[in-house]
Structures are given as C-alpha cells and as structure tokens.
Amino acid sequence: MTVRQILIAGDPRLTTAATPVTVFDDDLAALVDDLFDTNTAAPGAGLAANQIGDPRAVFVYDLIDTGIRYRGHIVNPVLRTSELPETMPDPDDDLEGCLSVPGEWFPAGRAHRAEVTGLDMTGRPVTVEATGYLARCLQHETDHLAGLLYLDRLIGRNRRAARKMIRDRCWTVPGNSWLPADQGPTVTGR
C-alpha cells in the first residue's frame, strides 16, 4: 500500500478514457489499496486510477454524506443518472473540487440521483445508488474514467474562470503532479 503522486490538469492521461479491467488479481487489489491510501492522504472524497497515472477503469470513494460514511470501489463502472439540471449551478450548494485541480472549487451542475453498476476487485457485481454528495462523487469519478475533468462540465462565467486559472497556474502541459502529505499539495513538474 502506497500513497501515489496525483496528476494535475493538463496531463493527457487525465483526458484519455480508461481501459476496461479484464484481469482480477493481486495487482488490481494493490491498485485499489493504493487508491484508498492516496485518497485518504489527500484527503479526497474519491479518486480514479487515471489520476495516479494508471489507465485501468477503477475508482474508489470514501466520504461522509448526511452523517453516514460511504466507502467502496467500482471496477468498470457504468453510470445512470436522473436528468441534469438546465440552470446555472448554485455557487454555494453546487461547489465541486478535484484532487487533479488542487485548491480550486467551482460550481458544477450534476444530476440529483446516480446509479453506478460495475464489479468489485474480485469480479463480483456491484451496484451503488445515491443522491446528494455521494451521487455527485459517483458522477465525478465516472467522468474521470471517461477522460473528463469536472472543469469540462462548467458553463458560463465558471468555465471562463477555470480556463483563466489553468493558464495562470501553467497547467497546460503534461508532467505536473503532487504528492499528498500533511502540509497539503506541493506541485512538482513544470
């Protein structure tokens, strides 16, 4: 079990769709453990394998929503949601962050309800149904595995502000990453 470097926006591995998992072995179990360790150290609500440079379609989640802790992992996830909102996201209630966009938060519109089906690390079927924060997390992590950052979901002034932030931080080239530690993100690379 290892805490791994987290890739930062601008790295092409974050915008490449994940590869479906076909081998369920000790190596996959070790990846899931590393994802949990890295997510805990960050700390985050979830983490997808491509965020640590692994192309396999797997993510973990570990969060508290309305006083209840939800913790698990999904391999080869398939997402179904209720309708996406057609209005501007609420700047207070719809804030979203990402470990691959450290220190930044933007309002992002997400469906109220989400259901993810897939497999666990041993190949057994898994289904997770959620509303609220967990539903947002499931959508966010599934997007990662499709090669999307939550920044891609932003609209209007929020999209413009995110593009400016990316330019200002020089996150337009590959190779930027950070290693979770007690003192918070320290960006390495360019």
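Tyrosine 61 is a good place to start: in this predicted model, tyrosine 61 is buried, with a relative accessible area of 7%. Its partner is phenylalanine 59, and the two residues form an aromatic pair. Phenylalanine 59 also counts as buried, because its relative accessibility is 0%, and the cut-off for buried is under 20%. A pair of aromatic rings is described by the distance of the centres and the angle of the planes. For phenylalanine 59 and tyrosine 61, the centres lie 6.4 Å apart and the planes make an angle of 55°, so the pair is tilted, given that stacked pairs have planes under 30 degrees apart and edge-to-face pairs over 60. The structure holds 1 aromatic pair. Another ring, that of phenylalanine 36, has a charged neighbour: arginine 71 lies over its face, at 3.7 Å from the ring centre.

Stepping back to the whole protein, there are 3 helices and 10 strands. Along the sequence they come in the order β-α-β-β-β-β-β-β-β-α-α-β-β. The C-alpha atoms fill a box of roughly 45 × 40 × 30 Å along the principal axes. The radius of gyration is 16 Å, which agrees with the value near 16 Å for a compact globule of 190 residues. Of those 190 residues, 48% are buried. Among contacts with a separation of 6 or more, 67% join residues 24 or more positions apart.

Helix H2 takes up residues 132-145. Its 14 residues should span 20 Å at 1.5 Å a residue, and the end C-alpha atoms are 21 Å apart, which agrees. As for its surroundings, 12 of the 14 residues are buried, so H2 is largely enclosed by the rest of the structure. The buried set includes charged residues such as Arg136, Glu141 and Asp143, along with Leu134, Ala135 and Cys137. What do the buried residues of H2 pack against? They pack against a run of strands, namely S2 (46-48), S3 (58-65), S4 (68-81), S5 (95-97), S7 (113-119) and S8 (125-131). After H2 comes glycine 147, with a positive phi near 85°.

Helix H3 (residues 156-168) has 13 residues, and its first and last C-alpha atoms are 19 Å apart, close to the 18 Å expected. Here the buried residues are Asn158, Ala162, Met165 and Ile166. These four cover an arc of only 100° around the axis, which puts them on the same side of H3. Over on the other side, Arg157, Arg160, Arg167 and Asp168 are exposed. The buried residues of H3 pack against strand S6 (105-107). Just after H3, cysteine 170 has a positive phi of about 60°.

One loop residue rounds off the picture. Aspartate 54 sits in the loop between S2 and S3. Is aspartate 54 buried or exposed? Aspartate 54 counts as buried, because its relative accessibility is 11%. Leaving aside residues up to four places away in sequence, aspartate 54 touches Leu31 and Ala49.

Conventions:
Residues numbered from 1 in each chain as written. Predicted model: local features only at pLDDT ≥ 70, side-chain atom pairs only at ≥ 80, totals over all residues. Heavy atoms only, no water. Phe/Tyr/Trp six-rings, centres within 6.5 Å; stacked < 30°, edge-to-face > 60°. Buried < 20%, exposed > 50% of the residue type's maximum accessible area, 1.4 Å probe, protein only. Lys NZ or Arg CZ within 6 Å of the ring centre and 35° of its normal. Helix = DSSP H or I, 4+ residues; strand = E, 2+ residues; numbered from the N terminus. Expected span 1.5 Å × (residues − 1). Arc of directions from axis to C-beta. Contact = heavy atoms within 4.5 Å. Rg over C-alpha atoms; globule rule 2.2 N^0.38 Å.
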